[in-house]
Structures are given as structure tokens and as C-alpha cells.
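Ready to practise reading a protein model? Work through the exercises below with the structure open beside you, and try each task before you look at its solution.

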Amino acid sequence: MSVPISQMWTVATYVLRQRLARRPRYPLVLMLEPLFRCNLACAGCGKIQYPAQILRKHLAVDKCLQAVEECGAPMVSIPGGEPLMYPDIDRLVAELVKRKKYVYLCTNAILLKEKLDLFTPSKYLSFSVHMDGLREEHDEAVCRDGVYDEAVPAIQEALARGFRVTTNTTLFDGASPLRVREFFDEMMRLGVEGMMVSPGYSYAKAPDQEHFLRRSRTNQLFREILSNPKRHWRFNQSPLFLRFLMGKQDYECTPWGNPTYNMFGWQRPCYLLQDGYAETFKELMETTPWENYGRKSGNEKCQDCMVHCGFEPTAVNHTFNSARGFAETVLVTLTGKL
Amino acid sequence: MSLQGWVPDIGPYLTLEEVIEHAFDYRGNVTVVRRDGTEVVGYLFNRDAQPPEPSVQLFDEAGHGPIRVRYAEIASVRFTGKDTAEGNSWKVWMERKEREKAQPAPAPGA
């Protein structure tokens, strides 16, 4: 695990406060999408297929901050679209840092070098760079040659300037375990703080419908990648979530764990499915029929989903809600064996 | 199969509620025709079929909104805008990459 102690402490105390308040459902990470516009059109992405007037729009900073206050989660992830195309990204990030929110700014890094001057290094800010593999695999995933070679120097520059940098990797069917392991080595060699990895969700609107992973194949792939993890690999995510991907833990989805806010409102029920929008966070939490989602519900859209936004909150809750979960997390962290 | 260009015939075999569900799932602009003959062209991003007042929400072509239209006001919905999820960019990309891979590498010094 490579999550800084202060961040772990913030999350742990937050979860304990929710437990003491006997809140059955609470958010861990707000997924804040200020815009859908992007400078890439990746094969596995179902987030950017909208008419021009929607792609031209973006949320006002005030609306973003209102959502952050409403939600109350200790961490804010800013995906998109490409957040560095958001004209007020510097002001938004500064406001979030001022509020002591741990911010993951998810970027493909194409604009990172030229925008770095807009930001100040902080323990609260991490650039989470989208890297789907080594050069060949990454450029194929993002459907453009040369993006890997733009991202790597941008990562190096950000690290040299003292920013926290993590990577986020989405894996699809056909991924080579050996190449993924080489990719992990390469990211560690670059010096990133930690890596996040997840199987892709089978977005109905994504251009490539052929390579989404099914559950058993996901388990097999991640077992092959992670069964013998190298000591120097650092992951910026729960080790229990990684064990879940390997089929060693059985978790149910926590769809309210990473609530999503964008120009349409609060997305029901999660970051991946779009079954409608609520106007307020309270309305989202109180009126979404949560029992209709997750694997046990029988909802076919949830059957193969093992994506981090639904299951990482479950893993974190497992860590902090049970002695066994806590012990397992400590053991995995100390031994490095998943 | 894309619904682009679809002009549904609302009646006993296809209800307004069903058409609105399709419009909600559609990633292009639609034309909502009101019973009074006026129209709203835009992206239908939300619908609430629950009583007491089922309604849809749209951003119009200029991006203004959200505009709320009650189900009771709607006569029909036409799928008039381009289906943005019906692109073939990935397919085109993959075909180009396959062609590139199939080409023999240039000889050293060529």
C-alpha cells in the first residue's frame, strides 16, 4: 500500500465517525465530473458520447463546491472528460485543497506539462494519470499513437516538481499478464507513488464492445498478474480490493460509496450506470432503490462488474468494520502477499 | 442498432413511457413534441416516471436548461439528432493498426 498515513488516518476516522453515527450508507469518494469534453476517444470509455451542446458545457466551480459540501466525502476524484480541459480546474483544486479534501485529478496527461504551473504541490493533491499499459497497449487503448510518450515525460515533470502522482489502469480482455507486470515495473521505475488498477466496465455506449472482461476471466487475469507480486510494486488502493479481483474475497457492490455528480445532477445509482439523476445528494441517498443494484439483486448490468468504484468502498468498509478485515489488511500490507 | 431517425408511433403497441425510456437511453438530441404543437429539441438526460407528476428534463440545442416537460404535455418524441454512441472510431482505428502491422518493416537504411 502506498496511501500516505495522513490520508489513511483521515479515511479511517471518517469511517469510524459514520459507524458511531450509525449511518448505514455513506460516501467515501465523490466522483466529480465538471465536464464530459475530452481530448481522447478511448475504446472502452462510455463517458463522452454526448451531443455538442453537452460537451461544450461544464459545471461552475460554485456548483462543484456545493456538491462537495453536500456529499461530505473525505476524498474527491475528478474524472471527466479530461479535467485539465476544464477552464477553472486550478480554482476548483485550490478550493478543494483548502477544504482538506484528498483530490485525485484523473488525467490522460496530454495537457499536464503545460498546466502544471496552475497547481501547487500538496499532500491533498494527486495527479492520477490514466495509463493502460506499456506504449503499445496504452496507445491502442486510447486509440491514438504517441500518447504514452506524452504521458511519461509529463509524469516525470510532475514528480520532479514535487507533486503526488499515481496511475490508474483499466484492463480489458486480452491483456497479457506478463506485459502488465512489466508495466507495473516501469511505473515504479518512473517513481509514481502508487498504482490503481481495475477491470473495465462494459459501458453500453463504449465504442469497443468486444473486450470487456467477464467475472471469471477477471479473476483469472488478476490472479496471473498479482499472485506473485513484486515487493517494489505499490498500489494506491485497498489490498483487499486486489484480493477481490483475484477471486480471494467475495464482496457485494457498495454503489453509494463513490457517488457521482455532474451537470445532470447526482447520478443514480453509481459512477457507471445511468438510471437517472437526483437533484440533491440527500435525494440520491434516500430515494434510489439500492436493492435493485449489485450482483445479488440479479440486475444483469451488475453481474460482471468488479470495478473499483463499487467494490473498493466495500473493501475499505471491510477493513474498518471488522477485526478480521483489519487483520487481513495489516497482514497483506506487511507481507506484501496478496 | 441505432434509433437515429426513428419517429415512433405512439399508440396501443408502443406507449409514451416506453418511448421516453428509449429517449433517455439515447445519446443524441431528440425532439419532444408537445400536445400544443410546440417542440423542444435537445438532449433528454433525465426522466422521472413516478407520480404525482412524471416528467423529463432536457438541455436544449443551445445548452440551456434543464427544461422540464411533464409526460402529460408530451404528444410524441422523435429521435432527430445524431446518435453519438454510434461511432465507428474504434473500428476504424483498429483496422488502420491491423493494416500497419501487416505491412513489412522497412529495410534498415531505406
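**Exercise 1: A residue in a loop**

A:Cys143 sits in the loop between H6 and H7 of chain A. Keep in mind that this is a predicted model. Your task: find out whether A:Cys143 is buried or exposed, and what the sign of its phi is.

*Solution.* Step one is to count neighbours: A:Cys143 has 22 other C-beta atoms within 10 Å. Step two is to compare that with the cut-off, which calls a residue buried at 20 or more. So A:Cys143 is buried. Step three is the backbone: phi of A:Cys143 is near 60°, a positive value in a residue other than glycine.

Now try A:Lys100, in the loop between helix H4 (89-98) and strand E3 (102-107) of chain A. Its phi is also positive, near 60°, and again the residue is not a glycine. The count for A:Lys100 is 12 C-beta neighbours inside 10 Å, so A:Lys100 is exposed.

**Exercise 2: The two sides of a helix**

Take helix H7 (residues 147-160) of chain A. Which of its residues are buried, and where do they lie around the axis?

*Solution.* Start with the length: H7(A) has 14 residues and spans 20 Å from first C-alpha to last, close to the 20 Å expected at 1.5 Å a residue. Next, list the buried residues of H7(A): A:Val147, A:Tyr148, A:Ala151, A:Ala154, A:Ile155 and A:Ala158. Now look down the axis of H7(A): these buried residues fall within an arc of 130°, so they line one face of the helix. Over on the other side of H7(A), A:Asp149 and A:Ala160 are exposed. Finally, check what covers the buried residues of H7(A): the list includes helix H5 (112-115), strand E4 (125-130) and helix H8 (177-190) of chain A. Just past the end of H7(A), A:Gly162 has a positive phi of about 90°.

**Exercise 3: Same idea, other chain**

Do the same for helix H1 (residues 16-25) of chain B: which residues are buried, and what do they pack against?

*Solution.* The buried ones in H1(B) are B:Val19, B:Ile20 and B:Ala23. They cover an arc of only 100° around the axis, which puts them on the same side of H1(B). B:Glu17 and B:Glu18, on the other side of H1(B), are exposed. The buried residues of H1(B) pack against strands of chain B, namely E1 (30-34), E2, E3 (55-60) and E5 (74-78).

**Exercise 4: Two helices that cross**

At what angle do the axes of helix H12 (residues 308-321) and helix H13 (residues 323-335) of chain A cross?

*Solution.* The axes of H12(A) and H13(A) come within 5 Å and cross at roughly 105°. Angles from 65 to 115 degrees count as roughly perpendicular, so that is how H12(A) and H13(A) lie to each other. H12(A) brings A:His318, A:Thr319, A:Phe320 and A:Asn321 to the contact, while H13(A) brings A:Gly325, A:Phe326 and A:Thr329. Sorted by class, the residues of this contact of H12(A) with H13(A) are 2 nonpolar, 5 polar and no charged.

**Exercise 5: Spot the cis bonds**

Look at A:Pro269, in strand E8 (residues 265-269) of chain A, and B:Pro66, in the loop between E3 and strand E4 (67-70) of chain B. What is omega for the bond from A:Arg268 to A:Pro269, and for the bond that joins B:Gly65 and B:Pro66?

*Solution.* From A:Arg268 to A:Pro269 omega is near -10°, and the bond is cis. Between B:Gly65 and B:Pro66 omega is about 0°, and this peptide bond is cis.

Terms used
Residues are numbered from 1 along each chain as its sequence is written. Chains are lettered from A and ligands numbered from 1 in the order in which they are written. This is a predicted model: local features need pLDDT of at least 70, side-chain atom pairs count only at pLDDT 80 or more; totals for chains, interfaces and linings use all residues. Helices (H or I, at least four residues) and strands (E, at least two) are DSSP runs, numbered from the N terminus. The expected span of a helix is 1.5 Å times one less than its number of residues. The arc is that of the directions from the helix axis to the C-beta atoms. Two residues are in contact if their C-beta atoms, placed from the backbone, lie within 7 Å. Axes are lines fitted to C-alpha atoms, for helices over the stretch in contact, and angles run from 0 to 180 degrees between N-to-C directions. Angles under 35 degrees count as roughly parallel, over 145 as roughly antiparallel, 65 to 115 as roughly perpendicular and the rest as oblique. Ala, Val, Leu, Ile, Met, Phe, Trp, Tyr, Cys and Pro count as nonpolar, Asp, Glu, Lys and Arg as charged, and the others, Gly among them, as polar.
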